[in-house]
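Here are a few exercises to work through with the model open. Try each task before reading its solution.

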Amino acid sequence: MSDETTTKPSSSGGGEQRVVIVGAGMAGVQTAVALREQGWTGEIVLLGAETHQPYDRPPLSKAVLLGKAEGSTLDVDFAGLGIALRLGVQVTGLRTDERLVETATGQLPYDVLVIATGAEPVPLPGSEGVPGVHLLRTLDDAVRLRPVLARQREIAVVGAGWIGAEFATAAREAGCAVTVVEAADRPLAGALPAEVAAPMAAWYEDYGARLVTGARVAAVDESGLVLGDGTRLRAGAVVVGIGARPATDWLAGSGVELAEDRSVAADDRLRASAPDVYAVGDCASFPSARYGTRLLVHHWDNALQGPRTVAANVVGSRTAAHFPGAVYDPVPYFWSEQFGRFVQYAGHHSGADELVWRGDPAGAAWSVCWLREGALVALLAVGRPRDLAQGRKLIERGARLDRTRAEDPSVPLKSAVR
């Protein structure tokens, strides 16, 4: 793919052309809104697989699950913006040579396509169709789990990642007995290094949940789990949170290049390998010049920020004879509320060569900074939102830190810059 897109200019910002967006989650909705904000006057068709009005996902593991809210519908006037919202549409394939999206009810032509199908939860092998086994990804999932929590059942959670921790927190708040089973030797093993994640194991016990690590699930049935060592964990419900993968199976044979992790292999303008096809959100990976690697970011902020770049590139490629394109290279950010703590993370730490602690990880508030050749590249903040806010800006600047000052939690992070 070239770094420059050349098309015939159009003063109408789209004219009679049609943008089809597949996926009505946060990334798809925000792309549609951003297109209008940036001057697209052509058609916008937004396809959603679910029948619900588009909604926000973070409240599902909190307010919706606990019955404190009925839903989290996004406040968007689709009709007023001229966005054709089509719900309950199952997309089954893509024919890029003919610019056709295939659905269960027919074909839909496009001039520009945006792939925003998000991610889907990874099922626990052998659990499909077993009564009492749940996933937590959609509004329907949360609604099905709500009475389980209300009855204060014994619950087994498979996976001590972000979603497992958040669900365990909600279940304990509902008064359920909770056991979390993790195959690795610590929580968040896939997200954080051992020395950073290890202190978080104590959070489970402090909140009244049981954490079992180094435990493989051998079987699941209506009465609970059987672990690899033969131990049986009885539970009235099992919730599986062992990860998510890009929802891209429908792209098989389309000519759209996928990365090894099955994400759409977008370029740094979020363009896919086929002409006039873009990808954004949980289903798309992109090369980061900032971190020197391809990133796949499964978090809310990415689904909010990426659409602005897609919209700029769609509109710009139609209104300028020579449009270089807007580059997408954010500092990834996410947060998690678990066990009475507010956890925030910014950056990408895999290439770091130094780790700096700010505060005692046994306490209620502490942070960890990752440096690469002295420059701050990532930061985890537990109960220290000011560290996160300042650190995110320092990462964007590529600021270098004085280690001695950075490891003093009483020193504002911005004051630790060399």
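**Exercise 1: The largest cavity**

Helix α6 (residues 300-319) is the top contributor to the lining of the largest cavity, supplying three residues. Keep in mind that you're looking at a predicted model.

Task: Work out which residues line the largest cavity, and how they divide into nonpolar, polar and charged.

Solution:
- Start with the count: there are three cavities of 30 Å³ or more, and the largest holds about 50 Å³ of space.
- Next, list the lining: Val297, Asp301, Asn302, Gln305, Tyr328, Pro330, Val331, Pro332 and Tyr333.
- Pick out the part within residues 300-319, the range of α6, which gives three residues to the lining.
- Finally, sort by character: six of the lining residues are nonpolar, two are polar and one is charged.

**Exercise 2: A helix and its surroundings**

Task: Find out how many of the twelve residues of α1 are buried, and what covers the buried ones.

Solution:
- Locate the helix: α1 covers residues 26-37, and its twelve residues reach 16 Å from first C-alpha to last, close to the 16 Å expected at 1.5 Å a residue.
- Apply the cut-off for buried, under 20% relative accessible area. The residues that pass are Met26, Ala27, Gly28, Val29, Thr31, Ala32, Val33, Ala34 and Leu35.
- Draw the conclusion: nine of the twelve are buried, so α1 is largely enclosed by the rest of the structure.
- Look for the cover, which includes the strands β1 (18-22), β2 (43-48), β3 (83-87) and β7 (112-115), along with helix α6.
- Step just past the end of α1, and you'll meet Gly39 with a positive phi of about 105 degrees.

**Exercise 3: One threonine**

Task: Decide whether Thr169 is buried or exposed, then say which residues Thr169 touches.

Solution:
- Place the residue first: Thr169 sits in helix α3, residues 162-173.
- Check the accessibility: the relative value for Thr169 is 6%, so this residue counts as buried.
- Set aside residues up to four places away in sequence, and Thr169 touches Tyr207, Gln338 and Phe339.

**Exercise 4: A strand pair**

Task: In which sense do β13 and β14 pair, and which residue of β14 is the bridge partner of Val217?

Solution:
- Take the two strands, β13 at residues 217-221 and β14 at residues 224-227: they pair in the antiparallel sense, over four bridges.
- Follow the chain between them, and you'll find a hairpin that joins β13 to β14 through two residues.
- Now go to Val217, whose bridge partner in β14 is Leu227.

Terms used:
Residues are numbered from 1 along each chain as its sequence is written. This is a predicted model: local features need pLDDT of at least 70, side-chain atom pairs count only at pLDDT 80 or more; totals for chains, interfaces and linings use all residues. Side-chain values use heavy atoms; hydrogens and water are left out. Two strands pair if DSSP finds at least two bridges between them. On a 1 Å grid over the protein atoms alone, a cavity is a set of points where a 1.4 Å probe fits but cannot get out, and a pocket is an open set with protein on both sides within 12 Å along at least five of seven lines; lining residues have an atom within 4 Å of a point. Grid points are joined across faces, edges and corners, and a volume is the space filled by probe spheres set on the points. Ala, Val, Leu, Ile, Met, Phe, Trp, Tyr, Cys and Pro count as nonpolar, Asp, Glu, Lys and Arg as charged, and the others, Gly among them, as polar. The expected span of a helix is 1.5 Å times one less than its number of residues. Buried means under 20% relative accessible area, exposed over 50%, partly exposed in between (1.4 Å probe, protein chains only). Contact means heavy atoms within 4.5 Å.
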